[in-house]
Amino acid sequence: MGARYEVEYRAARQQFLTAARTAGATVASYENPFGRGPHGEALVTDVAWLGDRDSKRWFLCSSGMHGLEGSAGSAAQCAWLDAKPALPNGVAVCLVHALNAWGFAHI
């Protein structure tokens, strides 16, 4: 049986951050100053970078643009990170988790 990925925003965010750091990503976090989650939590969009940012080729993958899609996108990003990807030379990956954190948290 495969790994279990979280559905709820708070748990999915923590799972993403753990997976990103374990994979060796550099993580930046951007808090939404205009709202809170349903449990009073901060709403944050996290950005994980793997590879050289000066690379000529980048792959950009976002999750949660439409809040309802947040859990599926988060699971896909975490599964990829958990696979411990080896990037080809000259390639960087940018994962944007919970682009619409408010929508993800509030479904």
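Three helices and four strands make up the secondary structure of the protein chain. Keep in mind while you click around that this is a predicted model. Colour by secondary structure and walk along the sequence: the pattern reads α-β-β-β-α-β-α.

Zoom out for the overall dimensions. The C-alpha trace spans about 40 × 35 × 20 Å along its principal axes. For 107 residues, a compact globule would have a radius of gyration near 13 Å, and the chain's 14 Å agrees with that. Of those 107 residues, 40% are buried. If you draw a contact map, take the contacts between residues at least 6 apart in sequence: 70% of them join residues at least 24 apart.

**The sheet**

Now show just the strands. The four of them form an open sheet with mixed pairing, in the order E1-E2-E4-E3. Strand E1 (26–36) and strand E3 (57–62) sit at the edges with a single partner strand each, so one side of each has no neighbour in the sheet. From one strand to the next, the twist averages 15°.

Go through the pairings one at a time:

- E1 and E2 run antiparallel and are joined by seven bridges. Select Val 27 to find its bridge partner in E2, Ala 48.
- E2 and E4 also run antiparallel, with five bridges between them. Ala 48 turns up again here, standing opposite Leu 95 in E4.
- E3 and E4 run parallel, with six bridges. Look for Trp 58, which stands opposite Ala 92 in E4.

Stay on E4 and select the whole strand. How many of its residues are buried? Seven of the seven, so E4 is largely enclosed by the rest of the structure. Turn on the side chains: Val 91, Val 93, Leu 95 and His 97 point one way, while Ala 92, Cys 94 and Val 96 point the other way. That fits a general pattern, since side chains in a regular strand alternate between the two faces of the sheet.

**The helices on the sheet**

Bring back H1. This helix packs on the sheet and touches E1, E2 and E4, and its direction makes about 20° with that of E2. Next add H2, which lies across E2, E3 and E4 and runs at about 145° to E4.

**The cores**

Select Tyr 5, Phe 16, Leu 17, Ala 19, Ala 20, Ala 25, Ala 48, Leu 50, Cys 78, Leu 81, Val 93 and Leu 95, and you have the 12 residues of the largest nonpolar core. Helix H1 (9–22), strand E2 (42–50), helix H2 (70–82) and strand E4 (91–97) are the elements that give two or more residues to this core. H1 supplies the largest share, four residues. Another core, of eight residues, lies apart from it, and includes Ala 12, Leu 43, Phe 104 and Ala 105.

Go back to Tyr 5 from the largest core. Which residues does Tyr 5 touch, leaving out those up to four places away in sequence? Gln 15, Ala 75, Cys 78, Ala 79 and Asp 82.

**Last stop: Thr 45**

Centre on Thr 45, which belongs to strand E2. Buried or exposed? Its relative accessible area is 14%, so Thr 45 counts as buried, the cut-off being under 20%. Draw a distance from its side chain to the backbone oxygen of Leu 99 and you should get 3.4 Å. Show its contacts beyond four places in sequence, and you'll find Ala 28, Ser 29, Tyr 30, Val 96, His 97, Ala 98, Leu 99 and Ala 101.

Notes:
Residues numbered from 1 in each chain as written. Predicted model: local features only at pLDDT ≥ 70, side-chain atom pairs only at ≥ 80, totals over all residues. Heavy atoms only, no water. Core = buried A, V, L, I, M, F, W, Y, C linked by side-chain atoms within 4.5 Å. Buried < 20%, exposed > 50% of the residue type's maximum accessible area, 1.4 Å probe, protein only. Contact = heavy atoms within 4.5 Å. Pairing = 2+ DSSP bridges. Axes fitted to C-alpha atoms, helices over the stretch in contact; angles between N-to-C directions. Polar contact = N/O pair within 3.5 Å; in protein donor to acceptor, adjacent residues only side chain to side chain. Rg over C-alpha atoms; globule rule 2.2 N^0.38 Å.
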